[in-house]
Amino acid sequence: MLAVEGMPLLYLELAVGQRMRQGSFGAWKTISPYLGGLGVASVVVSFFLSLYYNIINAWGFWYLFNSFQDPLPWSVCPLNANRTGYEEECEKASSTQYFWYRKTLNIAPSIQDSGAVQWEMALCLVLAWLMVYLCILRGTESTGKVVYFTALLPYCVLVIYLVRGLTLHGATNGLVYMFTPKVEQLAKPRAWIDAATQIFFSLGLGFGSLIAFASYNEPSNNCQKHTIIVSLINSATSIFASVVTFSIYGFKATFNYEHCLDRVILLLTNSFDLEDGFLTASNLEQVKGYLASTYPSKYSEVFPLLKNCSLELELDTAVQGTGLAFIVYTEAIKNMEVSQLWSVLYFFMLLMLGIGSMLGNTAGILTPLTDSKAISSLLPKEAISGLVCLINCAIGLLFTMEAGSYWFDIFNDYAATLSLLLIVLVETVAVCYVYGLRRFGAELEAMTGRALGCYWKAMWACVSPLLIIGLFLFYLSDYILSGTLRYQAWDATQGQLVTKDYPAQALAVIGLLVGASTTCIPLVALGTFVTRRLRTGGLAPVA
């Protein structure tokens, strides 16, 4: 996906921005007046992403502030109201899950139960948007300076975590699991969709921010070289971060597996009055077989209490997204020595990454707005940036409600993926077949002094568009075959996630999220066509 989608489309967007010297809206309108909707669609997707993405930074601030407590608040279950035992919900789940679902989200049992705004999360969200505003105060020029810090600091933290992760007990189990291929997964469309989504989001394709940043480049800038460097560094960073993640994940899985074994050994030792130290992990299965055959009735009583301890199962229960960041990592951190230090480092790094992503995303919104003479003549850059942040923050309070995390999942799953595929497909078609590949290649050569190679021409003209269409069809078929759209809801009585069907209003919002951005392209083209015909008198105005 990097070779046939990532690099070609990254080069395309950088080249368009550098050549047209405008943000996404102005750049595509310059290529063709009918393509203004492409820029609008990118702004809408960036707006949707800004709405929900900054809540991750709010959660990061919340965990960072709580990381200075000793012990960490997610390391133990709190006492119940009578102080006679632990909270029942926490006992059924785990201390890290309880802190996430109850203390952080105070999650509702379903998406229909909106609940109230959680003031702690609301304050953290305001702080997150204040940080973003201070970084984009002067527009794209000030953003570039901040990114040096937000981009480079996480590498330092990752190196520290790599050293710590590789020295943890069980780290090799996680790395072996990571690098062991499962070839059968390649036959599933979802694997390719996930790969494309990862490349699109990590490189920022289709959001308009790359075009916005590239518009500030010197015309002679070698954007082809930068495309290759950025793509390779980006993917190398992903693998590097994965090594860190899976080393810690291996430690967490090994810790849980060995803890499970200890509980089984203790249960069998006490139930059958075995000598302490006789039962070990190495002879457990053998002794279990002996006890089952020698004391069948007693073993049948104990058997329902015996857990099936498996390292492979622990490793297979991998999670992603918020579950990985705020449950799996915190569970691993709480078992480390000097856990407060590792927690502060981790969530500070997460904040730097989150704020860095927000800077690029807001650039995709701000640049078209500041490029507009109608808006920039009325308001200075600081006011435009402030209004964008204020509007996003106000609407983003939705995600701080008790059902906020369910709406977060809807935005995360449906606000961008399908829209981005359509946006980048139209982008490639626009450059190659509307503006003309030969014409664009000649202008690039005149601008940079370097001819467009056969690889880039083949990718832009044929391979990338066809592959995007294939992914688009895979994406639709995957959701059609899956039937009714569902979500994971937290059941406090069971202490676990349960699957529920989305209600009608949630399905309507999903439709609006997908349609709001994708329909911009044909609607703006139709509006431009009608306006032009009216101006030339080719279409009679409707009374």
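# A walk through a predicted helical model

Let us start at Met336, which sits in the loop between H15 and helix H16 (339–371). Before going further, keep in mind that this is a predicted model. Is Met336 buried or exposed? Its relative accessibility is 6%, so Met336 counts as buried, since the cut-off for buried is under 20%. Which residues does Met336 touch, once those up to four places away in sequence are set aside? They are Tyr161, Arg164, Leu168, Ile248, Phe251 and Trp342. For a sense of distance, compare Met336 with Leu38: the two are 298 residues apart along the chain, and their C-alpha atoms are separated by 49 Å.

Stay in this loop for a moment and look at Val338, which also lies between H15 and H16. Val338 has a relative accessibility of 55% and therefore counts as exposed, because exposed means over 50%. The backbone deserves a look here too. Val338 is not a glycine, yet its phi is positive, at about 50°. Why point this out? Most residues other than glycine have a negative phi.

A positive phi also turns up at Asn106, another residue other than glycine, where the value is near 45°. You will find Asn106 in the loop between helix H5 (95–104) and helix H6 (119–135). With a relative accessible area of 24%, Asn106 is partly exposed, because partly exposed covers the range between the buried cut-off of 20% and the exposed cut-off of 50%.

There is one more backbone feature to visit. Which form, cis or trans, does the peptide bond from Asp70 to Pro71 take? This bond is cis, with omega near 0°. As background, most peptide bonds are trans. Pro71 is placed in the loop between H3 and helix H4 (88–92).

That brings us to H3 itself, and to how helices meet. Helix H3 (residues 36–66) and helix H15 (residues 322–334) have axes that come within 11 Å and cross at roughly 15°. This angle makes H3 roughly parallel to H15, because angles under 35 degrees count as roughly parallel. The crossing of H3 past H15 is right-handed. On the H3 side, the contact is made by Ile56, Trp59, Gly60 and Tyr63, while H15 contributes Thr322, Phe326 and Thr330. Sorted by class, the residues in the contact of H3 with H15 are four nonpolar, three polar and no charged.

Now turn to another pair, helix H9 (residues 189–203) and helix H20 (residues 417–448). Their axes are 11 Å apart, and the helices pack at an angle of about 75°. This angle makes H9 roughly perpendicular to H20, because the range from 65 to 115 degrees counts as roughly perpendicular. Which residues form the contact between H9 and H20? From H9 come Thr197, Phe200 and Phe201, and from H20 come Thr417, Leu420, Leu421 and Val424. By class, the contact of H9 with H20 has five nonpolar residues, two polar ones and no charged ones.

Let us now follow some buried polar side chains. Thr254 lies in helix H11 and is buried, with a relative accessible area of 4%. Where does the side chain of Thr254 reach? The backbone oxygen of Gly250 is its partner, at 2.7 Å. Leaving out residues up to four places away in sequence, Thr254 touches His169, Gly170, Asn173 and Leu311.

Thr518 can be read in a similar way. This residue is placed in helix H22 (residues 504–518), and its 16% relative accessibility means that Thr518 counts as buried. A polar atom of the Thr518 side chain lies 2.7 Å from the backbone oxygen of Val514. Apart from neighbours within four places in sequence, Thr518 is in contact with Ser419 and Leu422.

Our last stop is Asn222, found in the loop between helix H10 (209–214) and helix H11 (223–271). Asn222 is buried, with a relative accessible area of 17%. Here the side chain pairs with a backbone nitrogen: a polar atom of the Asn222 side chain lies 3.2 Å from the backbone nitrogen of Lys225. Finally, consider Asn222 and Glu443, which are 221 residues apart along the chain. How far apart are their C-alpha atoms? They are separated by 13 Å.

Terms used
Residues numbered from 1 in each chain as written. Predicted model: local features only at pLDDT ≥ 70, side-chain atom pairs only at ≥ 80, totals over all residues. Heavy atoms only, no water. Axes fitted to C-alpha atoms, helices over the stretch in contact; angles between N-to-C directions. Helix = DSSP H or I, 4+ residues; strand = E, 2+ residues; numbered from the N terminus. Parallel < 35°, antiparallel > 145°, perpendicular 65-115°, else oblique. Left-handed = near helix turned anticlockwise from the far one by under 90°. Contact = heavy atoms within 4.5 Å. Nonpolar A, V, L, I, M, F, W, Y, C, P; charged D, E, K, R; others polar. Buried < 20%, exposed > 50% of the residue type's maximum accessible area, 1.4 Å probe, protein only. Polar contact = N/O pair within 3.5 Å; in protein donor to acceptor, adjacent residues only side chain to side chain.
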